[in-house]
Amino acid sequence: MTYSEKYIVENLIKYSEEFRNYYNSERQKIQSEIIWKRDKKLRQGINFRTTQIDDKHYIYLRNVPPSPINASKIAHELQHIVHRSIGIPSVGFKEMKYDYLSSAINSCIHDLLVNRDIIEYEFDLYDDYLEERKESRAALKTIIKEPTDKLELLHWAFNYASSILDYEFMLREYDIDEDHT
Ligand SMILES: [Zn+2]
(Lines give C-alpha, C1' and ligand atoms only; values in the text may rest on other atoms or scores of the structure.)
Protein backbone atom coordinates (compact mmCIF):
# COMPACT_ATOMS: atom_id res chain seq x y z
CA MET A 1 0.00 0.00 0.00
CA THR A 2 1.44 3.38 -0.97
CA TYR A 3 0.54 6.80 0.41
CA SER A 4 0.92 10.36 -0.82
CA GLU A 5 3.71 12.37 0.71
CA LYS A 6 1.23 15.09 1.62
CA TYR A 7 -0.67 12.62 3.80
CA ILE A 8 2.53 11.37 5.45
CA VAL A 9 4.04 14.76 6.32
CA GLU A 10 0.89 16.78 7.02
CA ASN A 11 0.83 16.35 10.81
CA LEU A 12 4.60 16.45 11.10
CA ILE A 13 4.65 19.89 9.48
CA LYS A 14 1.75 21.01 11.62
CA TYR A 15 2.99 19.82 15.01
CA SER A 16 6.78 19.71 14.79
CA GLU A 17 8.57 22.99 14.33
CA GLU A 18 11.86 21.14 13.84
CA PHE A 19 10.35 19.08 11.05
CA ARG A 20 8.73 22.13 9.43
CA ASN A 21 12.08 23.92 9.31
CA TYR A 22 13.84 20.80 8.10
CA TYR A 23 11.30 20.04 5.39
CA ASN A 24 11.20 23.62 4.09
CA SER A 25 14.94 23.76 3.58
CA GLU A 26 15.93 20.20 2.64
CA ARG A 27 13.07 18.58 0.74
CA GLN A 28 13.75 20.54 -2.45
CA LYS A 29 17.18 18.88 -2.75
CA ILE A 30 15.46 15.62 -3.74
CA GLN A 31 14.45 15.53 -7.40
CA SER A 32 13.72 11.85 -7.86
CA GLU A 33 10.50 10.11 -6.98
CA ILE A 34 9.82 8.97 -3.41
CA ILE A 35 7.38 6.14 -2.84
CA TRP A 36 5.92 5.99 0.67
CA LYS A 37 4.86 2.50 1.69
CA ARG A 38 3.50 0.89 4.78
CA ASP A 39 5.34 -2.29 5.67
CA LYS A 40 4.09 -4.24 8.65
CA LYS A 41 6.81 -6.82 8.08
CA LEU A 42 9.84 -4.65 8.82
CA ARG A 43 12.36 -6.44 11.00
CA GLN A 44 11.76 -6.12 14.72
CA GLY A 45 13.33 -2.95 16.09
CA ILE A 46 13.06 -1.20 12.71
CA ASN A 47 10.06 1.08 12.21
CA PHE A 48 11.33 3.14 9.29
CA ARG A 49 13.75 2.48 6.48
CA THR A 50 14.66 3.74 3.08
CA THR A 51 15.98 1.92 0.07
CA GLN A 52 16.66 2.69 -3.55
CA ILE A 53 15.60 0.48 -6.44
CA ASP A 54 16.70 1.78 -9.83
CA ASP A 55 16.10 5.52 -9.66
CA LYS A 56 13.19 5.32 -7.26
CA HIS A 57 13.47 5.86 -3.53
CA TYR A 58 11.25 3.95 -1.16
CA ILE A 59 10.50 4.93 2.41
CA TYR A 60 8.90 2.14 4.42
CA LEU A 61 6.96 2.84 7.61
CA ARG A 62 5.46 0.36 10.00
CA ASN A 63 2.62 2.73 10.88
CA VAL A 64 0.92 5.30 8.69
CA PRO A 65 0.61 8.22 9.11
CA PRO A 66 3.65 8.66 11.35
CA SER A 67 3.10 10.37 14.70
CA PRO A 68 4.72 13.80 15.18
CA ILE A 69 6.74 12.11 17.94
CA ASN A 70 8.56 10.39 15.08
CA ALA A 71 9.20 13.54 13.04
CA SER A 72 12.96 13.16 13.43
CA LYS A 73 12.77 9.62 12.03
CA ILE A 74 11.13 10.85 8.86
CA ALA A 75 13.68 13.67 8.59
CA HIS A 76 16.39 11.01 9.04
CA GLU A 77 15.05 8.86 6.18
CA LEU A 78 14.61 11.89 3.92
CA GLN A 79 18.14 13.05 4.66
CA HIS A 80 19.47 9.66 3.45
CA ILE A 81 17.81 10.43 0.12
CA VAL A 82 19.17 14.00 0.12
CA HIS A 83 22.66 12.52 0.52
CA ARG A 84 22.14 10.14 -2.39
CA SER A 85 20.74 13.00 -4.47
CA ILE A 86 23.81 15.15 -3.91
CA GLY A 87 26.04 12.24 -4.87
CA ILE A 88 27.33 10.82 -1.59
CA PRO A 89 27.97 7.20 -2.59
CA SER A 90 26.24 4.30 -0.91
CA VAL A 91 26.21 0.54 -1.23
CA GLY A 92 23.55 -0.99 -3.45
CA PHE A 93 22.36 -4.54 -4.04
CA LYS A 94 21.57 -6.65 -7.07
CA GLU A 95 19.66 -9.39 -5.34
CA MET A 96 16.95 -8.87 -2.76
CA LYS A 97 18.75 -11.16 -0.30
CA TYR A 98 21.37 -8.40 0.13
CA ASP A 99 18.79 -5.71 0.83
CA TYR A 100 19.08 -5.68 4.63
CA LEU A 101 22.86 -6.15 4.59
CA SER A 102 23.40 -3.21 2.26
CA SER A 103 21.15 -1.12 4.52
CA ALA A 104 23.21 -2.10 7.56
CA ILE A 105 26.46 -1.12 5.79
CA ASN A 106 24.94 2.17 4.67
CA SER A 107 23.49 2.95 8.08
CA CYS A 108 26.81 2.28 9.75
CA ILE A 109 28.49 5.03 7.75
CA HIS A 110 25.67 7.28 6.63
CA ASP A 111 23.68 7.55 9.85
CA LEU A 112 26.46 9.62 11.39
CA LEU A 113 26.41 12.03 8.45
CA VAL A 114 22.62 12.10 8.37
CA ASN A 115 22.35 12.76 12.11
CA ARG A 116 25.03 15.43 11.98
CA ASP A 117 22.92 17.25 9.37
CA ILE A 118 19.50 16.91 10.95
CA ILE A 119 20.71 17.80 14.46
CA GLU A 120 21.10 21.32 13.04
CA TYR A 121 17.31 21.52 13.08
CA GLU A 122 17.27 20.83 16.80
CA PHE A 123 15.64 17.42 16.78
CA ASP A 124 16.18 15.59 20.05
CA LEU A 125 18.17 12.67 18.72
CA TYR A 126 19.23 11.48 22.14
CA ASP A 127 15.69 10.48 23.04
CA ASP A 128 15.44 8.60 19.74
CA TYR A 129 18.73 6.91 20.46
CA LEU A 130 17.58 5.67 23.87
CA GLU A 131 14.34 4.38 22.45
CA GLU A 132 16.05 2.63 19.54
CA ARG A 133 18.54 1.03 21.87
CA LYS A 134 15.73 -0.31 24.01
CA GLU A 135 14.03 -1.75 20.92
CA SER A 136 17.20 -3.37 19.58
CA ARG A 137 17.89 -4.94 22.96
CA ALA A 138 14.36 -6.34 23.03
CA ALA A 139 14.86 -7.64 19.48
CA LEU A 140 18.15 -9.29 20.44
CA LYS A 141 16.46 -11.06 23.36
CA THR A 142 14.19 -12.92 20.97
CA ILE A 143 17.20 -14.51 19.24
CA ILE A 144 17.97 -17.85 20.81
CA LYS A 145 21.24 -18.69 19.10
CA GLU A 146 23.80 -16.64 17.26
CA PRO A 147 23.67 -16.75 13.46
CA THR A 148 25.84 -19.17 11.52
CA ASP A 149 24.80 -17.87 8.14
CA LYS A 150 27.56 -15.65 6.68
CA LEU A 151 25.17 -12.93 5.52
CA GLU A 152 23.55 -12.71 8.93
CA LEU A 153 26.97 -12.61 10.65
CA LEU A 154 28.03 -9.70 8.47
CA HIS A 155 24.76 -8.00 9.21
CA TRP A 156 25.40 -8.38 12.95
CA ALA A 157 28.94 -7.03 12.60
CA PHE A 158 27.72 -3.86 10.91
CA ASN A 159 24.91 -3.42 13.42
CA TYR A 160 27.43 -3.78 16.22
CA ALA A 161 29.74 -1.19 14.67
CA SER A 162 26.75 1.12 14.18
CA SER A 163 25.75 0.92 17.81
CA ILE A 164 29.25 1.89 18.94
CA LEU A 165 29.44 4.77 16.48
CA ASP A 166 25.95 5.99 17.44
CA TYR A 167 26.90 5.91 21.09
CA GLU A 168 30.05 7.93 20.44
CA PHE A 169 28.06 10.42 18.40
CA MET A 170 25.64 10.90 21.31
CA LEU A 171 28.53 11.32 23.76
CA ARG A 172 29.94 14.08 21.56
CA GLU A 173 26.66 15.88 20.92
CA TYR A 174 24.86 15.61 24.24
CA ASP A 175 25.92 16.11 27.78
CA ILE A 176 25.16 12.57 28.91
CA ASP A 177 26.16 10.72 31.99
CA GLU A 178 28.13 7.68 30.88
CA ASP A 179 27.04 5.67 33.93
CA HIS A 180 23.48 5.64 32.74
CA THR A 181 24.08 4.43 29.23
ZN1 LIG B 1 19.64 5.74 8.73
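A nonpolar core is a set of buried Ala, Val, Leu, Ile, Met, Phe, Trp, Tyr and Cys residues joined through C-beta atoms within 7 Å. The exercises below concern a predicted model.

**Exercise 1. The nonpolar core**

Determine which residues of the largest nonpolar core touch the most other members, and which helices supply the core.

Solution.
- Step 1. The largest nonpolar core holds 15 residues, and within this set Ala75 and Ile118 touch the most other members.
- Step 2. At least two residues of the core come from each of the helices α1 (5-15), α2 (17-26), α3 (71-85), α4 (99-118) and α5 (125-141).
- Step 3. Helix α3 gives the largest share, namely 5 residues.
- Step 4. The surroundings of Ala75 can then be listed: apart from neighbours within four places in sequence, Ala75 is in contact with Phe19, Tyr22, Ile118, Tyr121 and Phe123.
- Step 5. As general background, nonpolar side chains tend to be buried together in soluble globular proteins.

**Exercise 2. The sheet**

Establish the strand order of the open sheet and identify its edge strands.

Solution.
- Step 1. Strand β1 (residues 2-3) runs antiparallel to strand β2 (residues 34-38), and 2 bridges join them. In this pairing, Thr2 stands opposite Lys37 of β2.
- Step 2. Strand β2 is also joined to strand β4 (residues 56-61), here by 5 bridges and in parallel fashion. Lys37 stands opposite Tyr60 of β4, and Arg38 has Leu61 of β4 as its bridge partner.
- Step 3. The full order is β1-β2-β4-β3, an open sheet of 4 strands with mixed pairing.
- Step 4. Strands β1 and β3 (48-53) each pair on one side only and are therefore the edge strands.

**Exercise 3. The packing of α1 and α2**

Classify the crossing of α1 and α2 by angle and by hand, and name the residues that make the contact.

Solution.
- Step 1. The two axes come within 5 Å and cross at roughly 120°.
- Step 2. Angles of 65 to 115 degrees count as roughly perpendicular and those over 145 as roughly antiparallel, so an angle of roughly 120° makes α1 oblique to α2.
- Step 3. The hand of the crossing between α1 and α2 is left-handed.
- Step 4. On the α1 side the contact is made by Val9, Leu12 and Ile13, and on the α2 side by Phe19, Arg20 and Tyr23.

**Exercise 4. Exposure of three residues**

Decide whether Leu140, Ile119 and Gln28 are buried, partly exposed or exposed, and locate each in the structure.

Solution.
- Step 1. The cut-offs are 20 or more other C-beta atoms within 10 Å for a buried residue and 12 or fewer for an exposed one, with partly exposed in between.
- Step 2. Leu140 lies in helix α5. Leu140 is exposed because 12 other C-beta atoms are within 10 Å. Its C-alpha is 9.1 Å from that of Gln44, although the two residues are 96 residues apart in sequence.
- Step 3. Ile119 belongs to the loop between α4 and α5. With 17 C-beta neighbours inside 10 Å, Ile119 is therefore partly exposed. Beyond its neighbours within four places in sequence, Ile119 is in contact with Leu125 and Glu173. From Ile119 to Val82 the C-alpha separation is 15 Å, at 37 residues apart in sequence.
- Step 4. Gln28 is placed in the loop between α2 and β2. Gln28 has 9 other C-beta atoms within 10 Å and so is exposed. Gln28 and Val82 are 54 residues apart in sequence, with C-alpha atoms 8.9 Å apart in space.

Technical notes
Residues are numbered from 1 along each chain as its sequence is written. This is a predicted model: local features need pLDDT of at least 70, side-chain atom pairs count only at pLDDT 80 or more; totals for chains, interfaces and linings use all residues. Two residues are in contact if their C-beta atoms, placed from the backbone, lie within 7 Å. Axes are lines fitted to C-alpha atoms, for helices over the stretch in contact, and angles run from 0 to 180 degrees between N-to-C directions. Angles under 35 degrees count as roughly parallel, over 145 as roughly antiparallel, 65 to 115 as roughly perpendicular and the rest as oblique. A crossing is left-handed if the near helix is turned anticlockwise from the far one by less than a right angle, and right-handed if clockwise.
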